[in-house]
Amino acid sequence: MTNVHSIDDGQTSSTPRTPRAPRRKFTSEFKAEAVRLVHASPDKSFTEIAEGLGISPTSLGNWVRGKRMGSGTSTTDSHANHDHFAVLDTSTVDAADQFAQALVDQLRAENTALQAERDALMRSLVLLSQDNAK
């Protein structure tokens, strides 16, 4: 597909248009969880959350605005399949929160262990370089 652009001298030129990636579709459950993450993580930006989910910040913003308006899709998303966010019961949300907290705790412990390992390797490197300097 090409796009035709006019030039000042009245002539037209044809420039190739980059092909678009196929449109991805997300389930209402995925959207609801993404919106819940935004509300549960006030210290994180839309961009950080969106990157973590593998989506664009614009999509995430549309979903949050759509949820605030009471629908499952943004008003600007006219080609959506009009499915509304699933209503999650509190037991499901509590279980998801507990799972997320357990995952965060596990990652923090792993991070602490990796930092200790890095520090030990750095000390070893300093000692080896001092021995080689002699």
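The protein chain has an average pLDDT of 75, and 69% of its residues score at least 70; pLDDT is the predictor's confidence in each residue, on a scale from 0 to 100. The model is a predicted one, in which local features need a pLDDT of at least 70 and side-chain atom pairs count only at pLDDT 80 or more, whereas totals for chains, interfaces and linings use all residues. Residues are numbered from 1 along each chain as its sequence is written, and side-chain values use heavy atoms, with hydrogens and water left out.

Confidence varies between the elements of the protein chain: the highest mean pLDDT, 88, belongs to helix α1 (residues 28–40), and the lowest, 49, to strand β1 (residues 2–6). The pLDDT falls below 50 over residues 71–88, a stretch that has 29 contacts in the model beyond near neighbours in sequence (a contact means heavy atoms within 4.5 Å). Where pLDDT is low, the predicted coordinates should not be read in detail.

Four helices and two strands make up the secondary structure of the protein chain, and their order along the sequence is β-β-α-α-α-α. These elements are DSSP runs numbered from the N terminus, with helices (H or I) of at least four residues and strands (E) of at least two. Of the 134 residues in the protein chain, 16% count as buried; buried means under 20% relative accessible area, exposed over 50%, and partly exposed in between, with a 1.4 Å probe and protein chains only. Among contacts between residues at least 6 apart in sequence, 37% join residues at least 24 apart.

Three aromatic pairs are present in the structure. Rings of Phe, Tyr and Trp (its six-membered ring) pair if their centres lie within 6.5 Å, and planes under 30 degrees apart count as stacked, over 60 as edge-to-face and the rest as tilted. F26 and F30 are stacked, at 5.1 Å centre to centre with 20° between the planes. F30 also pairs with W63, here edge-to-face, at 6.0 Å and 90°. Because F30 lies in helix α1 and W63 in helix α3 (residues 57–68), this pair ties together parts that are 33 residues apart in sequence. Ring pairs thus link F26, F30 and W63 into a cluster. Within this cluster, W63 is buried at 6% relative accessible area, whereas F26 is partly exposed at 23% and F30 is partly exposed at 27%.

The largest pocket has a volume of about 620 Å³, the space filled by probe spheres set on grid points joined across faces, edges and corners. A pocket is an open set of points on a 1 Å grid over the protein atoms alone, where a 1.4 Å probe fits, with protein on both sides within 12 Å along at least five of seven lines; lining residues have an atom within 4 Å of a point. The largest pocket is lined by 20 residues, and L37, S41, K44, A100 and V104 lie nearest its centre. Helices α1, α2 (46–53) and α4 (90–133) each give two or more residues to this lining, with the largest share, nine residues, coming from α4.
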